[in-house]
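Let us go through the contacts of this model by question and answer, taking the general idea before the particular case.

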There are 2 protein chains.
Amino acid sequence: MLVAILLYPGLTALDAIGPHEVLNTAGGFDIRFVWKRPGPVLTDHGGLTLGATHALADAARPDVLIVPGSSANTGHAMRDAAILAYVREAHAHTRFTTSVCSGALVLAAAGLLRDHPATTHWAVMSALARHGALPRPDERVVRSGKILTAAGVSAGIDMALDLLAALRGEEAARIAQLGIEYDPRPPFDAGHLSRASAATHAASLAMLRQRGAVPVAWE
Amino acid sequence: MLVAILLYPGLTALDAIGPHEVLNTAGGFDIRFVWKRPGPVLTDHGGLTLGATHALADAARPDVLIVPGSSANTGHAMRDAAILAYVREAHAHTRFTTSVCSGALVLAAAGLLRDHPATTHWAVMSALARHGALPRPDERVVRSGKILTAAGVSAGIDMALDLLAALRGEEAARIAQLGIEYDPRPPFDAGHLSRASAATHAASLAMLRQRGAVPVAWE
């Protein structure tokens, strides 16, 4: 089973690596990291690269497509004709088309989310509706037909467990969950807008704005 | 503040990327991915590379050291003289020395964990004691002085939030937590040995053994 994880300049590394680790631990997937050409792709760290293993054309019909988000460059990806063409072509053949964080906006820009309930990072949630999607800000993972969208960054791990369960059954997902010891115990409870204080919300939004994650046009 | 994340052939990508994403989101850290030379380092995916941004010598005295684990190659890292020398030298100067997953065994092999409570991936927990550490299998993150060890793979995210709180205060950690929307909701509850069924445990261990994560000598 072929899994294509789309890379593009400025992506957020954990958006791609979280789901990857769940599927890689489960084993038996041909996981390809794809970009216009094989080789290093710069993440939003500014120095860290992830290596694309294949060109887009070498994973044109994946069984699973995973589109990560970016804290700085989502808007560019949404206007990249090669990305949009790849996403549309892949989606026509996938068993599951998925996104993490602002990757949902790339799916939306490709026209895949019209009339679909979907989620994304809280800071760009309002942009979903502008592309005809139905925002679900209180859900961490939203499934609509064969489309799975995940909330911000770390939510890709939860999404991938749902995906694995859908592909291979719940026990396969439990085995992988134990394999990556995914028994989360965050020391604080500020990971969702509904439980973060107003001050934490304002500071986090300011931080994301400073990095270019939230274009003024999306607010 | 200089953060060195050690890369080495066969590392588990999420072990490195989880903590990275917390600190990168917080901002203000000079995060360097270090290996013997800059350039691509193969992960345990077998095809995916992470790019080392700096040589070991270019981050010899980091404020924070993060050592990831590997599902296939921890034993080799534990015998690599250059890795052990780097870890010892770095530790002499750090504010915090940390590990994720079987990265704790690299710290142990360097002699850093003698008489320290520590944790690691459940499948290699017994190897900790052989290096004089005091295993804490029920704790997700263990702090002992300036050493922070995390349980398997995904636990690096929780560890990094503790680390960030120790360095900059709890509010900084909450802001970063909201930034990566770390509000985990795993669809199953099999992430810790104490709650996984015997069958899930056996299957997960078999899967890890097949990949070489658990040398017979460690069981």
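Q: How many residue pairs are in polar contact across the interface of chain A and chain B?
A: A polar contact is a pair of N or O atoms within 3.5 Å; within protein, one must be able to donate a hydrogen and the other to accept it, and residues adjacent in sequence count only if both atoms are side-chain atoms. Across the interface of chain A and chain B, 42 residue pairs satisfy the rule, both residues being at pLDDT 80 or more. By class, the side of chain A that touches chain B comprises 30 nonpolar, 22 polar and 15 charged residues (nonpolar: Ala, Val, Leu, Ile, Met, Phe, Trp, Tyr, Cys and Pro; charged: Asp, Glu, Lys and Arg; polar: the others, Gly among them).

Q: On what conventions do these values rest?
A: This is a predicted model, in which local features need pLDDT of at least 70 and side-chain atom pairs count only at pLDDT 80 or more, whereas totals for chains, interfaces and linings use all residues. Residues are numbered from 1 along each chain as its sequence is written, chains are lettered from A and ligands numbered from 1 in the order in which they are written, and side-chain values use heavy atoms, with hydrogens and water left out.

Q: What area is buried between chain A and chain B?
A: Buried area is the accessible area (1.4 Å probe) that two parts lose on being put together, summed over both. Here it is about 5,700 Å², with carbon and sulfur atoms giving 60%. In chain A, Leu178(A), Glu181(A) and Phe188(A) lose the most area to chain B, together 15% of what that side buries.

Q: Which residue forms a salt bridge with Lys36(A)?
A: Side chains of opposite charge can pair when their charged atoms come close. The rule asks for a side-chain nitrogen of Lys or Arg within 4 Å of a carboxyl oxygen of Asp or Glu. Asp80(A) is the partner of Lys36(A), their closest N and O atoms being 2.7 Å apart.

Q: How many salt bridges cross the interface of chain A and chain B?
A: The rule finds 2 there. Asp183(B) forms a salt bridge with Arg195(A), with 2.4 Å between the closest N and O atoms.
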